[in-house]
Structure formats: C-alpha cells, structure tokens
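The report that follows takes up how the helices of this chain are packed, and then turns to its cores and to two individual residues. Please read it alongside the sequence and the structure shown here.

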Amino acid sequence: MAQLLNQEMQIFLLKFDTDGDGRISMDEIESFLKQNGNGNTAGSGANGAMTANDLDGNGYIDGLEEIAAFMNNRNMAQILNQEMQIFLQKFDTDGDGRISMDEIESFLKQNGNGNTAGSGANGAMTANDLDGNGYIDGPEEIAAFMKYAKDTWKGINV
C-alpha cells in the first residue's frame with residue numbers, strides 16, 4: 001500500500017513540480033491552473049491551495065504530509081484527471097485506453113514532426129513504457145509521458 005501511495009504521489013508531483021526541485025511553489029500551482037482552463041481564478045486558487053497545504057509555512061508544498069494533503073484536494077485531483085483524459089484522447093486513436101508506438105508516430109506525423117516521427121515514437125516509448133508491455137498505459141506511465149511530451153516536443157501542442 002505504501003508503494004502505491006508513493007507512486008501516486010510521484011505522478012501528482014510530476015504535474016506541478018515544473019522545475020524538478022521536489023516541491024510545489026505558488027507559481028507552479030498558478031501556472032498549472034492557467035494551463036488547465038482556470039486562468040481567471042488561478043491566483044486565488046493557488047493562494048488558497050498554498051494556504052491550506054503549506055503546513056510548515058515555508059512557502060512550498062513539500063514533504064509527504066503536505067503533498068498528500070494537496071493530492072486530497074478534490075478540485076486539484078479532478079483537474080489533473082481531466083488533463084490526463086484530454087491528453088490520452090490526443091494519442092489513443094483506437095480508444096483502448098493505452099498508447100501504442102504507432103499511435104505516437106501517427107500523432108507526430110499529423111502535428112508537423114513527420115521526418116522524425118519514427119525515432120520520436122521510439123524514444124517516447126522507451127522512456128515511458130515503464131512495465132515494458134509495449135504500451136504507455138496506466139496513470140503512472142501516462143503522467144510520465146505527458147511530462148516527456150511537453151518537455152521534448154516543445155513546438156507541438158500536446
């Protein structure tokens with residue numbers, strides 16, 4: 001159970017911790033909210049999230065207790081789940097709930113990266129198919145792939 005919770009926390013942290021320092025800042029929460037359709041209330045939402053979850057008052061959501069409390073915020077979890085579903089739909093053309101190498105290659109070809117689609121798909125699969133089953137599936141792999149795609153394919157809207 002502890003291992004599952006730790007994996008879930010890592011997935012959650014990946015979505016917010018854009019600078020990779022292992023903690024979530026007010027700016028990172030606000031940026032996440034702006035990118036996910038909550039631009040009008042991003043500042044107040046970030047402030048509320050920080051106030052409610054920064055238990056030690058250091059200006060960051062860090063440590064197991066604080067991240068767990070932040071994860072349990074229903075609004076943040078719902079936004080994160082919606083974002084993962086939207087992302088999955090961009091790639092999962094056959095609707096089976098998982099992403100194949102062919103689907104990644106097809107996405108890259110359709111979105112202006114046709115010359116390197118094959119190598120791009122191979123790199124994405126190698127980096128994100130954590131269980132080696134030939135698909136990016138499950139919340140951990142999809143979350144990792146979301147971060148990978150945004151970091152690697154900056155010129156493509158993913």
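In this predicted model, helix α7 passes α8 in a right-handed crossing. The axes of α7 and α8 come within 9 Å and cross at roughly 135°, and because that angle falls neither under 35 degrees nor over 145, nor between 65 and 115, α7 is classed as oblique to α8. On the α7 side, the residues that meet α8 are Gly120, Gly123, Ala124, Ala127 and Asn128, and their partners in α8 are Glu141, Ala144, Phe145 and Tyr148. Sorted by character, the residues of this contact of α7 with α8 comprise five nonpolar, three polar and one charged.

Helix α7 also meets α6, and α6 passes α7 in a right-handed crossing. Here the axes come within 8 Å and cross at roughly 135°, which makes α6 oblique to α7. From α6 the contact draws on Met101, Ile104, Glu105, Leu108 and Lys109, while α7 contributes Ala117, Gly118, Gly120, Ala121, Asn122, Ala124 and Met125. The residues of the contact of α6 with α7 divide into seven nonpolar, three polar and two charged. Gly120 and Ala124 of α7 are listed in the contact with α6 and appear again in the contact with α8.

The two crossings can be set out side by side.

| Helix pair | Axes come within | Crossing angle |
|---|---|---|
| α6 and α7 | 8 Å | roughly 135° |
| α7 and α8 | 9 Å | roughly 135° |

These helices also take part in the interior of the chain. The largest nonpolar core has 22 residues, and those with the most contacts inside it are Phe87, Phe91, Ile104, Phe145, Trp153 and Val158. At least two residues of this core are supplied by each of α5 (74-91), α6 (101-110), α7 (117-128) and α8 (138-152), and the largest share, five residues, comes from α8. Apart from this core lies another, of 15 residues, which includes Leu13, Ile29, Met50 and Phe70. Two of the residues with the most contacts inside the largest core also have a place in the helix contacts, since Ile104 is listed for α6 where α6 meets α7 and Phe145 for α8 where α8 meets α7.

For the chain as a whole, there are eight helices and two strands, and read along the sequence they follow the pattern α-β-α-α-β-α-α-α-α-α. Buried residues make up 37% of the 158 residues. Among contacts between residues at least 6 apart in sequence, 50% join residues at least 24 apart.

Leu14 offers one example of residues far apart in sequence being brought into contact. Leu14 is placed in helix α1 (residues 2-16) and, with a relative accessible area of 31%, is partly exposed. Leaving aside residues up to four places away in sequence, Leu14 touches Ala144 and Lys147. The C-alpha atoms of Leu14 and Glu140, which are 126 residues apart in sequence, are 9.8 Å apart in space. Ala144 is also among the α8 residues that meet α7.

Glu65, in turn, is found in helix α4 (residues 63-71). Its relative accessibility of 63% is over the 50% cut-off, so Glu65 counts as exposed. Between the C-alpha atoms of Glu65 and Leu55, which lie ten residues apart along the chain, the separation is 8.3 Å.

Methods
Residues numbered from 1 in each chain as written. Predicted model: local features only at pLDDT ≥ 70, side-chain atom pairs only at ≥ 80, totals over all residues. Heavy atoms only, no water. Helix = DSSP H or I, 4+ residues; strand = E, 2+ residues; numbered from the N terminus. Buried < 20%, exposed > 50% of the residue type's maximum accessible area, 1.4 Å probe, protein only. Core = buried A, V, L, I, M, F, W, Y, C linked by side-chain atoms within 4.5 Å. Axes fitted to C-alpha atoms, helices over the stretch in contact; angles between N-to-C directions. Left-handed = near helix turned anticlockwise from the far one by under 90°. Contact = heavy atoms within 4.5 Å. Nonpolar A, V, L, I, M, F, W, Y, C, P; charged D, E, K, R; others polar.
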